[in-house]
Amino acid sequence: MSDGLRADSVRGASDAEIDDWAAEQGARAVPVAVREVLRLIGRDHGLWLAGSSLGVGAVRREAKNHLLATLTTMNDPLEDPEGALVLVEHQSYTFHVVDGGKIDLPDPPVWLVTEGEGAEEQWESVSFWFRAITPDVARYRERLEVLRELGRRRIPDWAQYIEPR
């Protein structure tokens, strides 16, 4: 799967870090699938949603507060917003969320909530969500090679995550 992804470009979170992260957000549990994702990319997420906040150090209670404020403008579409887990926050207006009402499921659906646009159950499970956000490392590598062939001196920040050939 690596296709040139630097092994040190991602770092997983420990179970204790994951539990603290969930407790800070006010969730009563961590679904098995969420825990597995965070064990892989929960500390440093590298190319996964570069530019967004993802993981135990980046998505904290403040993100949950932003989500809750956003949801109140939408008539609270989640079954249990207080018990929800925010997986991703992008600039305090877009969130990937597990509804607190589904938190006991091993692989629950993931909602996409965007301020001013609405909320919908975008991915049928955390597993599908993770596949959807997984970067195409081979494509990034090809782009990097083209940039180098063109003689570009300024290489994008994401290049740090790619192994040179």
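Biologist: Let's start in strand 5: which residue there is the bridge partner of V113?
Modeller: A119 of strand 5 is the bridge partner of V113. V113 itself is in strand 4, where it is also the bridge partner of F95. Keep in mind that this is a predicted model.

Biologist: What makes strand 4 and strand 5 count as a pair?
Modeller: You need at least two bridges between two strands. Strand 4 and strand 5 have 5 bridges, so they count as a pair. The sense of that pairing is antiparallel.

Biologist: How do you know that strand 3 and strand 4 pair as well?
Modeller: Try the cut-off again: at least two bridges. Strand 3 (residues 94–98) and strand 4 (residues 110–114) have 4 bridges, in the antiparallel sense, so they pair too. One of the links joins H96 to its bridge partner L112 in strand 4.

Biologist: Which residue takes a positive phi in the hairpin of strand 4 and strand 5?
Modeller: G116 does, with phi near 80°. That hairpin has 3 residues between the strands.

Biologist: What does the sheet look like as a whole, and in which order do its strands come?
Modeller: There are 5 strands in an open sheet, ordered 1-2-3-4-5, and the pairing is antiparallel.

Biologist: What makes strand 1 and strand 5 stand at the edges?
Modeller: Strand 1 (53–54) and strand 5 (118–123) each have a single partner strand, so each has one side without a neighbour in the sheet.

Biologist: Why is strand 4 called largely enclosed?
Modeller: Count the buried residues: 4 of the 5 in strand 4 are buried, so the rest of the structure largely encloses strand 4.

Biologist: Back to the edge, then: why is S53 called partly exposed?
Modeller: S53 has a relative accessible area of 23%. Buried would mean under 20%, and exposed would mean over 50%. The 23% of S53 falls in between, so S53 is partly exposed. S53 sits in strand 1 and, leaving out residues up to four places away in sequence, touches A58, V59, L87, V88 and E89.

Biologist: What about Q91: what makes it count as exposed?
Modeller: The cut-off for exposed is over 50%, and Q91 has 58% relative accessibility, so Q91 counts as exposed. Q91 is in the loop between strand 2 and strand 3. Its phi is positive, about 50°, although Q91 is not a glycine.

Biologist: And S92: why is it called partly exposed?
Modeller: S92 has a relative accessible area of 30%, which lies in between 20% and 50%, so partly exposed is the right label. S92 is also in the loop between strand 2 and strand 3. Its phi is positive at about 60°, and S92 isn't a glycine either.

Biologist: How do you know that S125 is buried?
Modeller: S125 has 7% relative accessibility. Buried means under 20%, so S125 counts as buried. S125 lies in the loop between strand 5 and helix 4. Its contacts, not counting neighbours within four places in sequence, are D107, P108, P109 and V110.

Biologist: On to the helices. Which residues of helix 1 are buried?
Modeller: I18, W21, A22 and Q25 are the buried ones in helix 1 (residues 15–25).

Biologist: How do you know that they are on the same side of helix 1?
Modeller: They cover an arc of only 95° around the axis, which puts them on the same side of helix 1. On the other side, D20 and A23 are exposed. The buried residues of helix 1 pack against helix 2 (32–41), helix 3 (61–72) and strand 2 (85–90). Just after helix 1 comes G26, with a positive phi near 85°.

Biologist: Why are helix 2 and helix 4 called roughly parallel?
Modeller: Their axes cross at roughly 30° and come within 9 Å. Angles under 35 degrees count as roughly parallel, so helix 2 and helix 4 get that name. The contact is made by A33, V34, V37, L40 and I41 of helix 2 with V126, S127, W129 and F130 of helix 4. The crossing is right-handed.

Biologist: Which elements help cover the buried residues of helix 2?
Modeller: The cover includes helix 1, strand 1, strand 2, strand 3 and helix 4. The buried residues of helix 2 are A33, V34, R35, V37, L38 and I41.

Technical notes:
Residues numbered from 1 in each chain as written. Predicted model: local features only at pLDDT ≥ 70, side-chain atom pairs only at ≥ 80, totals over all residues. Heavy atoms only, no water. Buried < 20%, exposed > 50% of the residue type's maximum accessible area, 1.4 Å probe, protein only. Helix = DSSP H or I, 4+ residues; strand = E, 2+ residues; numbered from the N terminus. Arc of directions from axis to C-beta. Contact = heavy atoms within 4.5 Å. Axes fitted to C-alpha atoms, helices over the stretch in contact; angles between N-to-C directions. Parallel < 35°, antiparallel > 145°, perpendicular 65-115°, else oblique. Left-handed = near helix turned anticlockwise from the far one by under 90°.
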